[in-house]
Amino acid sequence: MTTEHSGLPRGIDHVGVTVPNINVAVRFLEEAFGAVALYRNVTRTKPQKGPETEKILGLPGGTVVIEMCMMALGHGPGIELFEMKGPDQREAARACDWGLQHFAVYVDDIHAACHRFREAGGTLLTEPQGQPSLEAAPGNMFCYGRTPWGMIVELVCTPHQERFNDIAPMDRYQPPPLSSPNKGSDA
């Protein structure tokens, strides 16, 4: 990899959306768009909560991540659905308001990407860490950060997707490898 690409995203990996009822949302995405539920990384029997979860995801104290489901939508980025319960929870923002739950960009070098994120004025919520549960594998890492205007962005690197792709009905999206610019070509 050349240094001019160090820390730059290869594309959007997924967009995170918090919904009031995850099963209703999964069914809607399946029916409306032909989306496919790939896997549930957080379940009702093992929710995520507590100070560490709150810090990693930038959540207010007392918030519980009840369930998460990664969805495939066509051949592009995934949609990561979250059902959460938290204090002072509000309905979704209007389209003209800033931000969304989060979006994720795929990077090859998460440490360089985090450096670029900070240099651009963003704040990391934690340092990069290993992916949990089904997404855990050597080199699979993630980190959440907050943009200068407060929107959450996830930096994600999952070079090893075998564990979850082996159980999912189709492979999770991963952007194609970076290619070198074609210097000196006549095309």
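User: Ser-133 is found in a loop between which two strands?
Analyst: The model is a predicted one, in which local features need pLDDT of at least 70 and side-chain atom pairs count only at pLDDT 80 or more, while totals for chains, interfaces and linings use all residues. Residues are numbered from 1 along each chain as its sequence is written, and side-chain values use heavy atoms, with hydrogens and water left out. Strands (E, at least two residues) and helices (H or I, at least four) are DSSP runs numbered from the N terminus. On that basis, the loop that holds Ser-133 runs between E8 and E9.

User: What is the phi of Ser-133, and is this residue buried, partly exposed or exposed?
Analyst: Most residues other than glycine have a negative phi. Ser-133, although not a glycine, has a positive phi of about 55 degrees. Because its relative accessibility is 43% (buried is under 20%, exposed over 50%, the class in between partly exposed, with a 1.4 Å probe and protein chains only), Ser-133 counts as partly exposed.

User: Where does Asp-88 lie, and is it buried or exposed?
Analyst: Asp-88 has its place in the loop between E5 and strand E6 (102-107). Its phi is positive as well, about 55 degrees, although Asp-88 is not a glycine. With a relative accessibility of 70%, Asp-88 counts as exposed.

User: Is Gln-131 buried or exposed?
Analyst: Gln-131 lies in the loop between strand E8 (129-130) and strand E9 (141-146). Leaving aside neighbours within four places in sequence, Gln-131 is in contact (heavy atoms within 4.5 Å) with Ala-136, Asn-140, Met-141, Phe-142, Glu-154, Val-156 and Thr-158. Its relative accessible area is 8%, so Gln-131 is buried.

User: Between which domains does the second largest pocket lie?
Analyst: A pocket is an open set of points on a 1 Å grid over the protein atoms alone where a 1.4 Å probe fits, with protein on both sides within 12 Å along at least five of seven lines; lining residues have an atom within 4 Å of a point. Among the 22 residues that line the second largest pocket, Gln-48, Leu-57, Pro-132, Phe-142 and Tyr-144 are the closest to its centre. Because both domains, whose bounds come from an automatic or database assignment, give residues to this lining, the pocket lies between domain 1 (12-88) and domain 2 (90-168).

User: Which element gives the most residues to the lining of the second largest pocket?
Analyst: Elements that give two or more residues to this lining include strand E2 (36-42), helix H2 (51-57) and strand E10 (152-157). The most, 4 residues, come from H2.
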